[in-house]
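Work through the exercises below with the model open. Each task is followed by a solution in steps.

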Amino acid sequence: MTADVAVSARPAEVASAPRPRIFSGIQPSGVPHLGNDLGAIRNYVRLQTEYEAIYCIVDYHALTSTHSPDALRQRTREMAATLMALGLDPERCTLFVQSHRPEVTELAWLFTTVTPVSWLERTPTYKEKRQNQPEDLNHGLLAYPVLQAADIVLYKASLVPVGKDQAAHLELSREIVRRFNAMYGETFPEPQPVYTEAPVVLGTDGVRKMSKSLGNTIEILAEPETIRRQVMSMVTDTKRILRTDPGRPEVCNVCQLHRFFGGDYESIWEGERTARTGCVDTKKLLAERIAAHYAPARERYLELIAAPDRVDRILAEGAERARPLAAATIAEVRQRMGIR
Ligand code: TYM
C-alpha cells in the first residue's frame, strides 16, 4: 500500500489506547465501479478493524450534480447496501448519510468564512465542472471542497482513505484547517490521505480514470454478463496489432487489473510479454475473475436492497452514533469563533 502516512497494524502496547479516527465519504452515484472499490472501499473495509472508522454517503455533495429527488433517495440507500455488501460492518464502523448529521452544513458555512475564493476557483474538479456542467455551474460546486473539509474534521478525523483523484480536495482541507487553527487556535488535526495499491484505476478506455461520468466503468455488482461486456470493451496495449505481436503488459490496463484478481499476475504478465496469450483471452479471464470475486457481494447486496427498512435503520443508528462527536465539535467551534 502506498500512503502519505504509514498505516499498519497497531502494536500491542497501544492497542488499548483510543483508536485514531478515520473518515471517508462516497457519493451516492448508483452502482459502484472497480475504481471505487480498488481505490477506496477496500481500504474502508480493511481499516475498520484497526481504527475508529466513520463512513458517510454524501448526499449533500451529490446535489451539486443531481436534481432528481427520487433517484437521489434510491441511490443513497443503494450505496449503503453496496458498502455493507462489500464488507462494511455496522458493528465495527459508523455508517450514515451526510444530511442526517446537519451540523456539517453549519461547519461548512463557518469554514467558508476562512476560505479564500481563489483557493476554490483553482480546484481541479471545479475547473472540470466548469467545462462539463456549464449549464448548472451552481455555487455548491465551488463550495464543494469546503463541505468536504467540514465532513472530515467535524469528527476530528486525521486519516482519510480515498483514491488519488481526491488528493487536491484533501490538500485544500488541510489548508482550511491550517488557516482555521492559525486564526482561532489549535482545534483540528490536519487530515492525511491513505491510498491503496491502486490509487488511480483507469477506465475501460485505458487512458482516463474510471468514472461514472465518463462512461468507462466496470460495475462490480452488475450481472456477470454486464461485467463481461464491460471488460471485453477494454482498450489494451494499442501498439499490439497482431495476436503474435509481443505485448507491453506494463501499459496494458487489463494486465494491470489482473494484479488484484487471482494470484498469477506474473504469469499473465509473461504471457502477454511473450505473446503466449492474446488480449481476448486475458480479457475473458479477467471478466470471469471479477464476476466470481464479486458474486458473494452481489448476493449480499440483493438481500440487503430487498430489506430497505433494515438498511434505513442501520443508517439512522449510524447518524445517532455520530451525533455527540458532531455536537462537541460545533460547540467548540462556536465558542472559538464568537458565535453565541
Ligand atoms: P467519489 O464518490 O467520486 O468516489 C468515492 C471514492 O472512490 C475513489 N475513486 C477512485 N479511486 C481510484 N481510481 C478511480 N478511478 C476512482 N474513482 C473513484 C475516490 O477517490 C473516493 O475515495 N469528493 C468525494 C466524496 C467525499 C469525501 C468526503 C471523501 C465527500 N466528502 C470526505 C473523503 C472525505 C467523491 O466525490 O468521491
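**Exercise 1. Aromatic pairs**

How many aromatic pairs does a search of the whole structure find? Take Tyr44 and Tyr55 and classify their pair.

Solution. The structure is a predicted model. Searching all of it gives eight aromatic pairs.

Step 1. For Tyr44 and Tyr55, the ring centres are 4.6 Å apart and the planes make an angle of 20 degrees. Pairing requires centres within 6.5 Å, and planes under 30 degrees apart count as stacked. The pair of Tyr44 and Tyr55 is therefore stacked.

Step 2. Place the two rings in the fold. Tyr44 belongs to helix α1 (residues 34-47) and Tyr55 to strand β2 (residues 52-57), so their pair ties together parts eleven residues apart in sequence.

Step 3. Check the burial: both Tyr44 and Tyr55 are buried.

Step 4. Look for rings joined into a group. Phe111, Phe180, Tyr184 and Phe188 are linked into a cluster by ring pairs.

**Exercise 2. The surroundings of β2**

Describe the burial of β2 and its pairing with β1 and with β3.

Solution. Step 1. Of the six residues of β2, five are buried, and the strand is mostly covered.

Step 2. With strand β1 (residues 21-26), β2 pairs in the parallel sense over six bridges. Ile57 in β2 is the bridge partner of Ile26. The chain goes from β1 through α1 to β2, and this β-α-β crossover is right-handed.

Step 3. With strand β3 (residues 93-97), β2 also pairs in the parallel sense, over five bridges. Here Ala53 stands opposite Cys93 of β3.

**Exercise 3. The buried side of α11**

Which residues of helix α11 are buried, and what do they pack against?

Solution. Step 1. In α11 (residues 265-273), the buried residues are Tyr265, Ile268, Gly271 and Glu272. They span an arc of only 125 degrees around the axis, which puts them on the same side of α11.

Step 2. Relate this to helix geometry. With 3.6 residues a turn in an α-helix, residues three or four places apart point the same way.

Step 3. Identify the packing partners: the buried residues of α11 pack against α10 (253-258) and α12 (279-305).

Step 4. Look past the end of the helix. Ala275 follows α11 and has a positive phi, near 65 degrees.

**Exercise 4. Two buried loop residues**

Locate Asn216 and Thr123, and list their contacts beyond four places in sequence.

Solution. Step 1. Asn216 is in the loop between β5 (192-194) and α9 (224-232). Its relative accessible area is 2%; buried means under 20%, so Asn216 is buried.

Step 2. Outside the range of four places, Asn216 touches Gly203, Thr204, Asp205, Arg208, Lys209, Met210 and Ser211. With the side chain of Asp205, the Asn216 side chain makes a polar contact at 3.4 Å. Between Asn216 and Val231, the separation is 15 residues in sequence and 10.0 Å in space, C-alpha to C-alpha.

Step 3. Thr123 lies in the loop between α5 (117-121) and α6 (124-132). Thr123 is buried too, with a relative accessible area of 5%.

Step 4. A polar atom of the Thr123 side chain is 2.9 Å from the backbone oxygen of Leu120. Beyond four places in sequence, Thr123 is in contact with Pro145, His169 and Leu172.

How values were computed
Residues numbered from 1 in each chain as written. Predicted model: local features only at pLDDT ≥ 70, side-chain atom pairs only at ≥ 80, totals over all residues. Heavy atoms only, no water. Phe/Tyr/Trp six-rings, centres within 6.5 Å; stacked < 30°, edge-to-face > 60°. Buried < 20%, exposed > 50% of the residue type's maximum accessible area, 1.4 Å probe, protein only. Pairing = 2+ DSSP bridges. Right-handed = clockwise from strand over helix to strand, strands pointing away. Arc of directions from axis to C-beta. Contact = heavy atoms within 4.5 Å. Polar contact = N/O pair within 3.5 Å; in protein donor to acceptor, adjacent residues only side chain to side chain.
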